[in-house]
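These are my notebook entries on a single chain. I looked up helix packing, the sheet and a few individual residues in turn.

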Amino acid sequence: MTDYAPLRLHVPEPTGRPGCKTDFSYLHLSPAGEVRKPDIDVEPAQTTDLAFSLVRVLDEDGNAVGPWAPDLSHEQLLRGMRLMLKTRIFDARMLTAQRQKKMSFYMQCLGEEAIATAHTMALRDGDMTFPTYRQQGILITRDYPLKDMICQLLSNEQDPLKGRQLPIMYSSREKGFFSISGNLATQFIQAVGWGMASAIKGDTKISSAWIGDGATAESDFHTALTFAHVYRAPVILNVVNNQWAISTFQAIAGGEGTTFANRGVGCGIASLRVDGNDFLAVYAASQWAAERARRGHGPSLIEWVTYRAGPHSTSDDPSKYRPADDWTNFPLGDPIARLKQHLIGLGIWSEEQQEALKKELEAEVIAAQKEAERHGSLVDGHVFSAANLFDDVYKDLPEHLRRQRQELGV
């Protein structure tokens, strides 16, 4: 006889399935302007409330309210709109190109454009980013040539990476964009190490790392938090909580009943939970964290609450595991539409200007795509020369590989 019932494991379930409406009440939203803004030297333990609330600036009418409202010029705001819209148009064109079999694979950041663009605008030249595969907005914000991005996607003769990386896994040292890895979470610990090296050298550059909600279950995530805390590394640790890790709901990674931001507080890191679809909130939180790191106050962890509007990748069909109209019901809305409403409210923008900008950017992306496709794509049956197998591996090619190359006749 026993007084105990049999033990059972709890397996989290999504709040919405195909054919039923998602209940987004689990998000725990805060009204715009309500959340306090602490000084940059705040002790990590004093940010516990910020890890459970939600930093928001734009209210329902598109007004910037509260202590987090950043002091951005009209020029900066309009640049933010251009960058987000350019990123979305680029994504749409590349998705179509993949469906036309011009490239093997693509991943969109639809609905998440504010996170990469506003964050990058808050950084400085020389700061290093360690992104995942949904931060193409970083390169676009740093004016990396669209043609070079597309050549990488097409794996053609002008691919800066010579066809050795999966499409969308860009790399640019000049633009502070660390090589994307298909192994989840590796970039988190690398960013902490880079930030530590910057501090050891007495530099003023900081690093910024990105991870998805699902990848927080990887061990590198926890190792990064430990090292960042212990050595007070000048790094921003970004957790993009877009609610879905491939077909797995974020609660499977531990986002149920707590927040990902709270993991930072538990490790002694100042942490924020921020509306990732609010361009102004993203900029303000990023600027706060960057200033904290640059002033020697240590790392910050930011959970960006957003929604993956499209499929995980071109290999995914989200209608199999969630409602088809989920994004339209997401309570934090569309980041582009929200900034547009704000700009119109300021009297510096209009629907006509929005349409004109859209056409201008579409023409720019199409022109870059045509230029890139002149150098080949998968449709052309393009393959690299076998000689590339031997290049860029050794400083001096070993004799046995030299012989193999001669045998191939390349």
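Entry 1, the contact of α2 with α11. I worked throughout on a predicted model. I first listed the residues through which these two helices meet. From α2 I noted H74, L77, L78, G80, M81, M84, L85 and R88, and from α11 I noted P335, I336, L339, K340, H342, L343 and L346. I then sorted the residues of this contact by class and obtained 10 nonpolar, three polar and two charged. For the geometry, I took α2 as residues 74–99 and α11 as residues 335–346, and I read an angle of about 150° with the axes 10 Å apart. Angles over 145 degrees count as roughly antiparallel, and I therefore entered α2 and α11 as roughly antiparallel to each other. I recorded the crossing of α2 past α11 as left-handed.

Entry 2, the contact of α2 with α5. I next followed α2 to another of its helix contacts. K86, F90 and M94 are the residues I found on the α2 side, and they meet L146, M149, I150 and L153 of α5. By class, the residues of the contact of α2 with α5 are six nonpolar and one charged, with no polar residue. The packing angle of α2 and α5 is about 30°, and their axes lie 12 Å apart. Since angles under 35 degrees count as roughly parallel, I entered α2 and α5 as roughly parallel to each other. I recorded a right-handed crossing for α2 and α5.

Entry 3, the surroundings of α5. How many residues of α5 are buried? I counted eight of its nine residues as buried, and I noted α5 as mostly covered. The buried ones are L146, K147, M149, I150, C151, Q152, L153 and L154. I then asked which helices these buried residues pack against. I found α2, α4 (136–141) and α12 (351–373). Directly after α5 comes S155, for which I read a positive phi, near 55°.

Entry 4, C151. I selected this residue within helix α5. Is C151 buried or exposed? Its relative accessible area is 0%, so I entered C151 as buried. Leaving out residues up to four places away in sequence, I found that C151 touches N156, Q158, D159 and A372. I also looked up the C-alpha separation of C151 and G376, and obtained 8.5 Å for a pair 225 residues apart along the chain.

Entry 5, the sheet. I traced an open sheet of five strands in the order β1-β2-β3-β7-β6, with parallel pairing. Why is one side of β1 and of β6 left without a neighbour in the sheet? I found β1 (128–130) and β6 (270–275) at the edges, and each has a single partner strand, so one side of each stays unpaired. On average, neighbouring strands of this sheet are turned by 20° against each other, direction ignored. I also looked for a helix lying across the sheet strands, and noted α3 (residues 113–122), which lies across β2 (207–212), β3 and β7. The angle of α3 to β2 is about 170°.

Entry 6, strand β7. I checked the pairing on each side of this strand. β3 (residues 235–241) and β7 (residues 300–305) run parallel and are joined by six bridges. In that pairing I noted N238 with bridge partner I302, and V240 opposite W304. β6 also runs parallel to β7, again with six bridges, and there D275 stands opposite V305. Six of the six residues of β7 are buried, so I entered the strand as largely enclosed by the rest of the structure. Both faces are covered, with S300, I302 and W304 on one side and L301, E303 and V305 on the other.

Entry 7, positive phi. Most residues other than glycine have a negative phi. I therefore noted exceptions. H28, which is not a glycine, has a positive phi of about 55°, and I located H28 in the segment before α1 (48–52). K162 likewise is not a glycine and has a positive phi, of about 60°. I placed K162 in the loop between α5 (146–154) and α6 (186–200). With 34% relative accessibility, K162 counts as partly exposed.

Note on methods
Residues are numbered from 1 along each chain as its sequence is written. This is a predicted model: local features need pLDDT of at least 70, side-chain atom pairs count only at pLDDT 80 or more; totals for chains, interfaces and linings use all residues. Side-chain values use heavy atoms; hydrogens and water are left out. Two strands pair if DSSP finds at least two bridges between them. Axes are lines fitted to C-alpha atoms, for helices over the stretch in contact, and angles run from 0 to 180 degrees between N-to-C directions. Contact means heavy atoms within 4.5 Å. Angles under 35 degrees count as roughly parallel, over 145 as roughly antiparallel, 65 to 115 as roughly perpendicular and the rest as oblique. A crossing is left-handed if the near helix is turned anticlockwise from the far one by less than a right angle, and right-handed if clockwise. Ala, Val, Leu, Ile, Met, Phe, Trp, Tyr, Cys and Pro count as nonpolar, Asp, Glu, Lys and Arg as charged, and the others, Gly among them, as polar. Buried means under 20% relative accessible area, exposed over 50%, partly exposed in between (1.4 Å probe, protein chains only).
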